[in-house]
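Morning, everyone. Please bring up the model on your screens. I'll talk us through it.

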Amino acid sequence: MNAAELAAKIDHTVLKADSSLNDALQVAAEAAEHGFASACVNGRHMKAVADRLSGSAALACGVAGFPLGSMKPTVLAIEAASLVKDGADEVDFVVHIPHLLQEDVDAARADFIEIVKACRAVSPKVVVKVILETAALLHGVDAAQGEARIAAGCQAAQESGCDFVKTSTGFHPAGGASVQAVALLRKHAGPMQVKASGGVRTKDDALAMLDAGADRLGCSAGIAIVQG
């Protein structure tokens, strides 16, 4: 895979709490320059980034419920729809983790439907990715239970109309993406795509995630990755 092909699979990301507008605009400029799939930023900077990317092949991506996923689904839906109103082509939102720890497909699906409907009411074409925080789902349980939790998240995501299932925020203490988690997402995702994020820092990391079944990568080290 050459550098351009790899870049096209990367969401070039800056999501730290102290990231500034200038940081977000720099990531947007780099996304356009290097041919990344998108620039992924916090909601405060969404409109400025979407404006900066206008006319570029790189998409504008924003995060909702980030990084905890712990607010009411109505509030999360409002935040997600606001991103789309500000020009987001893609929205990455965080699951309420206890739903999946309990393998509660119905509760997760209900949340996801509210968020997907809110986004698509603004733009039917918006791409919606749900972050399942897979490291937390796999932590401290046997392989079968970990897989059952991931399968529950994938089922809820598919039945609610999400386009992607995504591994991680990169902020959970349990960790980020793993080859194991990506492979499980790919196994249960059906027609949805898979995004690996959290701790993907080198070209070797990136290729391992793609080999495991990822379609997209979320990386703050995108330039270093494509330059090898």
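Where is H45 found? H45 sits in the loop between β2 and α3, and α3 covers residues 46-53. Keep in mind that this is a predicted model.

Is H45 buried or exposed? H45 has 8% relative accessibility, so it counts as buried. The cut-off for buried is under 20%. Leaving out residues up to four places away in sequence, H45 touches S19, S20, L21 and A24.

Now the whole chain. The protein chain has 11 helices and eight strands. Along the principal axes, its C-alpha atoms fill a box of roughly 45 × 40 × 30 Å. What about the radius of gyration? For 228 residues, a compact globule would come out near 17 Å, and this chain has 16 Å, which agrees. Of those 228 residues, 50% count as buried. The chain exposes about 9,600 Å², and carbon and sulfur atoms supply 51% of that. Next, contacts. Take those between residues at least 6 apart in sequence: 68% of them join residues at least 24 apart.

On to the barrel. Eight strands form a closed barrel, in the order β1-β2-β3-β4-β5-β6-β7-β8, with parallel pairing. Neighbouring strands are turned by 25 degrees against each other on average, ignoring direction. A quick reminder for the newer people. Strands of a sheet pair through backbone hydrogen bonds, either parallel or antiparallel.

Let's look at where β1 meets β8. β1 is residues 10-14, and β8 is residues 216-219. Three bridges join them, and they run parallel. D11 stands opposite G218 in β8. A helix comes in here too. Helix α2, residues 21-34, packs on the sheet and touches β1 and β2. The direction of α2 makes about 160 degrees with that of β1.

How many bridges join β1 to β2? Four, and these two strands also run parallel. One pair to find on screen: H12 has A39 in β2 as its bridge partner.

How covered is β1? Five of its five residues are buried. Check both faces. On one side are I10, H12 and V14, on the other D11 and T13, and all are buried.

Further round, go to β6 and β7. Three bridges join β6 to β7, running parallel. F164 stands opposite Q193 in β7. Why do we call β7 largely enclosed by the rest of the structure? Because four of its five residues are buried.

Which helix packs over there? Helix α9, residues 179-188, packs on the sheet and touches β6 (164-166) and β7 (193-197). The direction of α9 makes about 165 degrees with that of β7.

Just before that helix is a loop worth a stop. G175 lies in the loop between β6 and α9. At 24% relative accessibility, G175 counts as partly exposed. Skipping residues up to four places away in sequence, G175 touches E133, A135 and S168. Now compare positions along the chain. G175 and A221 are 46 residues apart, and their C-alpha atoms are separated by 17 Å.

Back to helix α2 for one residue. A32 is found in that helix. At 32% relative accessibility, A32 counts as partly exposed. Which residues does A32 touch, if we leave out those up to four places away in sequence? They are L53, S56 and A58. A32 and A57 are 25 residues apart along the chain, yet their C-alpha atoms are separated by 6.8 Å.

Last topic: cysteines. A disulfide is a covalent bond between the sulfur atoms of two cysteines. How many disulfides does the structure hold? Zero. C119 is in no disulfide, and its nearest cysteine sulfur, that of C162, is 9.0 Å away. The cut-off for a disulfide is within 2.5 Å. C162 is likewise in no disulfide, with the sulfur of C119 as the nearest. Are these two buried or exposed? C119 has 0% relative accessibility, so it counts as buried. C162 has 7%, so it counts as buried.

To wrap up, remember the main picture. It is a closed barrel of eight strands with parallel pairing. Helices α2 and α9 pack on the sheet. Thanks, and over to you for questions.

How values were computed
Residues numbered from 1 in each chain as written. Predicted model: local features only at pLDDT ≥ 70, side-chain atom pairs only at ≥ 80, totals over all residues. Heavy atoms only, no water. Pairing = 2+ DSSP bridges. Axes fitted to C-alpha atoms, helices over the stretch in contact; angles between N-to-C directions. Contact = heavy atoms within 4.5 Å. Buried < 20%, exposed > 50% of the residue type's maximum accessible area, 1.4 Å probe, protein only. Rg over C-alpha atoms; globule rule 2.2 N^0.38 Å. Areas by Shrake-Rupley, 256 points an atom, 1.4 Å probe, with all protein chains shown as cover.
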